[in-house]
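Got your viewer open? Load the model, switch to cartoon view, and keep the selection box handy.

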Amino acid sequence: MSLSSNTIDRIVANVLHQLGGGSADVPKSRELPHSGKENSNPAFPSGDSAKSRSLSEKVLTAESFEAIQCNQSVTVLTNAIITPAAYDLIKERKLVIVRTSVIQGSAELGSAEQGGSKSSSKQIKIQTLNCYIVKHTESVVRVIAELGPSHKDLLSCPDDAAKAAISAICRGEAETVLIFVEQVHRAACFANRNEKVKAVVIADNGDIKEVRKQLRANVWCINPTGRSYFELRNLMKGLKVES
């Protein structure tokens with residue numbers, strides 16, 4: 001059964017609300033059209049389109065962009081999740097998404113700065129980790145919330161996830177990329193078209209050990225279908241990307 005983008009939005013918001021990880025940040029309006037492509041170093045449009053807006057929510061749904069006009073740049077947190085419906089609106093309104101670790105007035109920084117040495121070590125880890133989610137389950141949402149990656153997105157297909165992984169590796173945005181997707185072999189094959197990418201498929205910690213004996217992988221493709229939170233958490237421990 002295929003789900004609409006709006007349904008996916010609601011599922012993600014409800015799951016995060018139940019987990020206590022984002023209820024205060026999930027917007028509560030209705031969706032309007034949007035569009036554009038994400039670029040960490042965009043060339044800003046001229047004239048009225050050069051106006052910039054900032055969104056500090058951890059989960060950005062279509063409703064988050066309701067009040068933003070076409071051809072504007074929108075600054076969001078580096079680890080904010082952008083849902084599929086939001087991406088549709090971004091493309092429709094030709095918005096430019098700019099990611100940053102600092103948004104004035106965001107509670108994100110306060111929590112990162114208050115945790116002493118433990119918080120500092122976590123920051124070092126998340127600066128080098130990107131996550132792209134094509135197959136989103138409750139287990140994936142829980143694991144991603146704990147990892148606190150520097151960048152995480154919900155994408156519509158394995159090809160888009162592979163392109164995002166290639167971009168992140170080539171631009172030096174991330175040293176490690178996780179792709180949660182059912183079509184793991186397709187995602188890995190597409191990503192490996194770039195010479196800087198070494199994408200592999202893993203199912204358990206045994207796979208991780210064998211891969212590391214043979215090459216230095218930087219993109220790990222995982223099929224989360226039917227996997228519990230604890231199974232995925234165990235994989236993350238094997239990859240040494242736990243929080």
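Here is a walk through the chain, one selection at a time.

**Start with the whole chain**

Keep in mind that you're looking at a predicted model. Show everything as cartoon, and you should find 9 helices and 10 strands. The chain has 243 residues, and 47% of them are buried. Among contacts with a sequence separation of 6 or more, 62% link residues 24 or more positions apart.

Next, colour by pLDDT. The chain averages 75, with 67% of the residues scoring at least 70. Select residues 21-50: the pLDDT here is below 50, though the stretch has 81 contacts in the model beyond near neighbours in sequence. Then select residues 106-127, where the pLDDT is again below 50 and the contacts of that kind number 22. Low pLDDT is a reason not to read predicted coordinates in detail, so maybe fade both stretches before moving on.

**The three-stranded sheet**

Select S1, S3 and S5. They make an open sheet in the order S1-S3-S5, with parallel pairing. S1 (52-55) and S5 (96-100) are the edge strands, each pairing on one side only. Look along the sheet and you can follow the twist, which averages 25 degrees from one strand to the next.

Zoom in on S3 (residues 73-77), which pairs with S5 in the parallel sense over 5 bridges. For a landmark, label Val76 and Arg99: Val76 stands opposite Arg99 in S5.

**Two loop residues with positive phi**

Now for a backbone detail. Most residues other than glycine have a negative phi. Click on Asn71, in the loop between strand S2 (59-60) and S3. Its phi is near 60 degrees, a positive value. Is Asn71 buried, exposed or partly exposed? With a relative accessible area of 35%, Asn71 is partly exposed, because it falls between the 20% and 50% cut-offs.

Lys94 is the next stop, in the loop between H2 and S5. Its phi is near 55 degrees, also positive. Lys94 has 58% relative accessibility and so counts as exposed, the cut-off being over 50%.

**Into the nonpolar core**

Show side chains as sticks for this part. In soluble globular proteins, nonpolar side chains tend to be buried together. Which members of the largest nonpolar core touch the most other members? Of its 37 residues, the answer is Phe65, Val74, Val177, Ile179 and Val219. Elements that each supply at least two residues include S3, helix H2 (84-93), strand S8 (176-180) and helix H7 (184-191). Helix H6 gives the most, with 7 residues.

Centre on Val177 and show its surroundings. Leaving aside neighbours within four places in sequence, Val177 is in contact with Asn130, Tyr132, Ala165, Ala168, Ile169, Asn218, Val219 and Trp220.

Val177 also leads you to S10, since it stands opposite Val219 in that strand. S8 and S10 run parallel and are joined by 4 bridges. Strand S9 (residues 199-201) pairs with S10 too, in the parallel sense over 3 bridges. Here Ala199 stands opposite Val219.

Turn S10 so you can see its two sides. Val219 and Cys221 point one way, Trp220 and Ile222 the other way, and all are buried. Trp220 is also among the 23 residues of another core, which lies apart from the largest one and includes Val143, Ile144 and Val200.

**From H5 to S7**

Val143 and Ile144 bring us to helix H5 (residues 138-147), where the buried residues are Ser139, Val140, Val141, Val143, Ile144 and Leu147. Step just past H5 to Gly148, which takes a positive phi of about 55 degrees.

Carry on to His151, in strand S7 (residues 151-154). At 5% relative accessibility, His151 counts as buried, because the cut-off is under 20%. Show the side chains of His151 and Asp153 and you'll find a polar contact of 2.7 Å joining them.

**Last stop: H9**

Finish at Met236, in helix H9 (residues 229-239). Buried or exposed? Met236 is buried, with a relative accessible area of 0%. Draw a distance from its C-alpha to that of Asn205: the two atoms are separated by 9.0 Å, with the residues 31 apart along the chain.

Methods
Residues are numbered from 1 along each chain as its sequence is written. This is a predicted model: local features need pLDDT of at least 70, side-chain atom pairs count only at pLDDT 80 or more; totals for chains, interfaces and linings use all residues. Side-chain values use heavy atoms; hydrogens and water are left out. Buried means under 20% relative accessible area, exposed over 50%, partly exposed in between (1.4 Å probe, protein chains only). A polar contact is a pair of N or O atoms within 3.5 Å; within protein, one must be able to donate a hydrogen and the other to accept it, and residues adjacent in sequence count only if both atoms are side-chain atoms. pLDDT is the predictor's confidence in each residue, from 0 to 100. Contact means heavy atoms within 4.5 Å. Two strands pair if DSSP finds at least two bridges between them. Axes are lines fitted to C-alpha atoms, for helices over the stretch in contact, and angles run from 0 to 180 degrees between N-to-C directions. A nonpolar core is a set of buried Ala, Val, Leu, Ile, Met, Phe, Trp, Tyr and Cys residues joined through side-chain atoms within 4.5 Å.
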